[in-house]
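Reader: Please take one part of this model and go through it closely. I would like the terms stated with their cut-offs.

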Amino acid sequence: MKRRKFLKNASLTTVALSSAISLLACAEEETNTPQISATTKPAPIAICTWGFVNANAEAGKALENNTTALDAAIKGVSTEEKDIKNTTVGKGATPNRDGQVTLDACVMDSNGDCGSVMCVENIVHVSALAKKVMTETPHVILVGKGAEAFAYKQGFKKENLLTQDRKKAWQEWKKTSKYQPIINIENHDTIGLLTLDSKGDIAGTCTTSGLAYKMNGRVGDSPVIGSGLFVDNQVGAAVATGMGEAILKSVGCFLIVELMRQGKTPQQACQEAINRIVSKNSNYKDFQAAFIAVNKAGETGAFCIHKGFAYMKYQNGKNNRIEAEYYVKT
Ligand code: SD4
């Protein structure tokens with residue numbers, strides 16, 4: 001009797017379990033099903049933060065020559081990394097409060113693989129270095145001296161990143177040493193670049209020196225996967241610029257991709273992520289934060305806290321500057 005009851009219960013449990021499993025499978029299938037279906041494959045697209053005309057055109061042209069999404073993105077941002085006039089990226093960037101230029105970067109590709117380097121000195125092309133972390137190590141993140149040593153092993157050149165101009169500005173800053181860990185309209189230029197290639201695959205990269213005169217060791221959102229950059233090839237991608245601490249706290253780029261998965265347009269998703277930052281930071285009027293995004297169908301969008309942020313969009317041989325919508329209307 002007991003055995004029969006046990007068997008009956010066991011088979012009921014099996015039925016219940018298998019229906020629970022199939023329900024779970026359905027739910028999983030639902031969340032994994034991309035909501036964005038491109039009816040016709042979009043022409044390759046490159047978008048980047050701020051008005052980096054040349055960087056974005058480089059990426060866009062590379063895509064038109066069938067370069068993969070990630071390599072095109074890295075090619076684009078390398079233009080800014082080597083440009084000493086850009087004081088927030090690569091060579092010629094503003095140092096930390098101790099006079100050292102330390103760089104952060106990350107990459108993410110259409111397979112969902114990613115690499116990141118943080119607080120690296122003496123290496124110009126940290127976006128390419130982040131790709132090497134992704135392809136040549138079993139890891140995702142390398143920091144500081146370890147990342148630098150790895151760079152030399154990979155054939156990267158040692159270069160002094162601190163220009164005379166930035167050294168002078170730092171010495172001037174030291175006279176008052178006013179620590180203003182705030183990113184506003186004047187002091188940022190981080191380049192985040194997203195690409196959709198001729199096969200329809202999506203990738204992105206983000207590269208920066210972060211906050212001017214930051215504390216030694218400070219790392220912002222830019223090299224943090226999910227915060228500064230996120231790519232899901234089924235859905236789309238997002239990249240951030242602005243006040244890293246606020247962006248980190250909201251894991252903004254992951255949020256945007258998940259919102260697009262649920263059916264929001266890139267524009268709506270970027271706006272929602274900024275709303276989230278605004279609602280959680282009572283000092284939002286003091287800093288800038290901005291996101292740009294692209295989805296699988298080739299739609300793009302951007303949103304920021306304050307007026308003054310624009311992004312570049314390259315498609316079909318045209319490289320357009322698009323002013324982003326913003327939250328603070330006063
Ligand atoms: C950071 N988000 O380190 C970066 C800075 C930035 O334009 O985007 N500047 O916080």
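Author: What follows looks at helix 3 and its surroundings, then at the second sheet. The model is predicted, so local features need pLDDT of at least 70, side-chain atom pairs count only at pLDDT 80 or more, and totals for chains, interfaces and linings use all residues. Residues are numbered from 1 along each chain as its sequence is written, and side-chain values use heavy atoms, with hydrogens and water left out.

Helices (H or I, at least four residues) and strands (E, at least two) are DSSP runs, numbered from the N terminus. Two strands pair if DSSP finds at least two bridges between them. An open sheet of eight strands has the order 4-3-2-6-5-1-11-12, with mixed pairing. Its edges are strand 4 (141-143) and strand 12 (318-323); each has a single partner strand, so one side of each is left without a neighbour in the sheet. On average, neighbouring strands of this sheet are turned by 10° against each other, direction ignored. Axes are lines fitted to C-alpha atoms, for helices over the stretch in contact, and angles run from 0 to 180 degrees between N-to-C directions.

Within this sheet, strand 2 (residues 103-108) and strand 3 (residues 114-120) run antiparallel and are joined by five bridges. Met 108 stands opposite Cys 114 in strand 3. Helix 3 packs on the sheet, touching strand 2, strand 5 (191-196) and strand 6, and its direction makes about 20° with that of strand 6. Helix 4 also packs on the sheet, where it touches strand 2, strand 3, strand 4 and strand 6; the direction of helix 4 makes about 130° with that of strand 3. Contact here means heavy atoms within 4.5 Å.

The two helices also meet each other. The axes of helix 3 (residues 69-81) and helix 4 (residues 126-136) come within 8 Å and cross at roughly 145°. From helix 3, Leu 70, Asp 71, Ile 74, Val 77 and Glu 81 take part, facing Val 126, Ser 127, Ala 128, Lys 131 and Met 134 of helix 4. By class, the residues of this contact are six nonpolar, one polar and three charged. Ala, Val, Leu, Ile, Met, Phe, Trp, Tyr, Cys and Pro count as nonpolar, Asp, Glu, Lys and Arg as charged, and the others, Gly among them, as polar.

Helix 3 also contributes to the largest pocket, which has a volume of about 210 Å³. A pocket is an open set of points on a 1 Å grid over the protein atoms alone, where a 1.4 Å probe fits, with protein on both sides within 12 Å along at least five of seven lines; lining residues have an atom within 4 Å of a point. Grid points are joined across faces, edges and corners, and a volume is the space filled by probe spheres set on the points. The lining has 15 residues, and Thr 68, Ala 69, Leu 70, Ser 110 and Asp 197 lie nearest the centre of the pocket. Helix 3 gives the largest share of the lining, three residues, and strand 6 (202-208) supplies at least two. The lining divides into four nonpolar, five polar and six charged residues.

The second sheet is open, with five strands in the order 7-8-9-10-13 and mixed pairing. Strand 7 and strand 8 (residues 236-242) run antiparallel, joined by four bridges.
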